[in-house]
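Trainee: I should like to take a close look at how one pair of helices is arranged. Could you then lead me outward to the surface and the loops?

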Amino acid sequence: LYIHDKLELLFSRKYLTSPAHHHEEHITLVYSKEIYSFNWQEYDDETQQCCHSFVVIMPALEFQFGCTDAGSNVDSLMLITCGLLAMMKTILFRVYIEQLADNYNSAINDYLMVEDTGKRVIMRRHAFFGRMLACFMVCFSYFASALCTLISALTDDKDKQLNATYEVAVEEYPIPSRCTLEYLNVPTSVSKIICFFEFMAFILTSTSNHGTDALFLNATLHVCGQVKILKADFTNFDTTSSRIHERFNALVKRHNYLITMANKLAETINYVMLMQFFVSSILLCIIGFQLILALRLSHFGMLAKSIVMMSSFMTQLSAYSFVGDYLKSQMEEVGLSIYQSNWYNLPLTVTRNIVFMMMWDQYPVKLLAGNFIVVNLSTYMNIIKTSMSYLSVLRVMVDT
């Protein structure tokens, strides 16, 4: 959000339309590195790392003690994978911090240099969509965390009433940790404090997962916006003005530069997307099976939790798949934009470059998961179909 505020400041018409600020480009780029470094220092504080460890360790200990039911085991598995995924994103984004910093520095440079009103509209449209996508993902994850905490609190009261005959008070927590806390002799009088701490751990884990997603998706959408501007420049290329070679070569260099930026983003998200697809595919099957059991048993708390969790995972997959498909389509359409221009009026030495550029478009930049799975809408639909197929098998097994 700190970076977004700075980009919004640079987006203002008052700042961008003044050519006097262009000489401050170098200072601004250096300052943007300081912004990025400061953001990561805040992001990687000890409190957040402690919460990540808590989300992973506590459910794992519940598995070890073996005193939880099937529903708690599903919740434990989901929290362990989400915690590990958040830690992996944090670590890999720090490993590839140079690639991300280069893209954000490039974005700030683009905002400083833009002067055309039409180009500014395209950039602001992509930035607005990125902000809306980020806000929706983060806010929905916060809503899911609050709902899971509320359901645990309501389930806690219900269990106490059911066990009143035997004078046994069963404490339930947002993060399955009852057996571990009993083993550590934690008094039940602090259960409300523990619930609040676990809720905050939920919030920080959600921020790590969806916050890093928003950081990456906004950078990718900016590259998509720049490719769209490049396509318009190729289509409207003026073949009657002077210095045709210089102007066309500038567009070719810009195309090569955007390919480099897109490749850096694809390298950053490579292993993260492989784990994201693997985890989401498995959890969609398990949580979907839990949803079927909740419908059969009329367990409305489990039903609401299952729906929210499935929606959260599908939101992540949808966002990555849509942005990955959008990036791929924008890169593929560069050759078409050149074909739609007045290329037949260009000198022969310039038209030779067109052939190589159209050859590049045969192998567009794509977001890959593990260097072999293309991140696009087709892959997203295959994941959904495969998960639903396994879920159908599980449903038949329950019915028989």
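Mentor: In this predicted model, helices α6 and α9 are oblique to each other. Two packed helices are described by the angle between their axes and the distance between the axes. For the pair in question, the axes of α6, which covers residues 97-113, and of α9 come within 10 Å, and they cross at roughly 45 degrees. An angle under 35 degrees would count as roughly parallel, and one from 65 to 115 degrees as roughly perpendicular; the crossing of α6 and α9, at roughly 45 degrees, therefore counts as oblique. The crossing also has a hand: α6 passes α9 in a left-handed manner.

Helix α9 is a useful landmark for what follows. It spans residues 191-235, and the loop between α8 (178-183) and α9 holds Leu184. What is the accessibility of Leu184, and is this residue buried or exposed? Its relative accessibility is 53%, and exposed means over 50%, so Leu184 counts as exposed.

Leu184 does not stand alone on the surface. Together with Ile57, Leu61, Phe65 and Tyr183, Leu184 forms a nonpolar patch there. The five residues named have about 500 Å² of accessible area together. Helix α4, residues 46-65, contributes the largest share of this patch, namely three residues.

Beyond α9, the chain enters the loop that leads to α10 (244-297), and Arg243 is found in that loop. Arg243 has a positive phi of about 55 degrees, although this residue is not a glycine. Its relative accessible area is 57%, so Arg243 is exposed.

Asn371 may be read alongside Arg243. Asn371 is placed in the loop between the strands β1 (368-369) and β2 (373-374). Its phi is near 65 degrees, again a positive value in a residue other than glycine. With a relative accessibility of 53%, Asn371 counts as exposed.

A buried residue completes the tour. Val308 belongs to helix α11, which runs over residues 300-339. The relative accessible area of Val308 is 9%, and since buried means under 20%, Val308 is buried. Which residue can be paired with Val308 across a stretch of 165 residues along the chain? That partner is Phe143: the C-alpha atoms of Val308 and Phe143 are separated by 8.7 Å.

Definitions and conventions. Residues numbered from 1 in each chain as written. Predicted model: local features only at pLDDT ≥ 70, side-chain atom pairs only at ≥ 80, totals over all residues. Heavy atoms only, no water. Patch = residues over 30% accessible without salt bridge, like charges linked within 9 Å, V, L, I, M, F, W, Y side chains within 5 Å. Areas by Shrake-Rupley, 256 points an atom, 1.4 Å probe, with all protein chains shown as cover. Salt bridge = Lys/Arg side-chain N within 4 Å of Asp/Glu carboxyl O. Helix = DSSP H or I, 4+ residues; strand = E, 2+ residues; numbered from the N terminus. Buried < 20%, exposed > 50% of the residue type's maximum accessible area, 1.4 Å probe, protein only. Axes fitted to C-alpha atoms, helices over the stretch in contact; angles between N-to-C directions. Parallel < 35°, antiparallel > 145°, perpendicular 65-115°, else oblique. Left-handed = near helix turned anticlockwise from the far one by under 90°.
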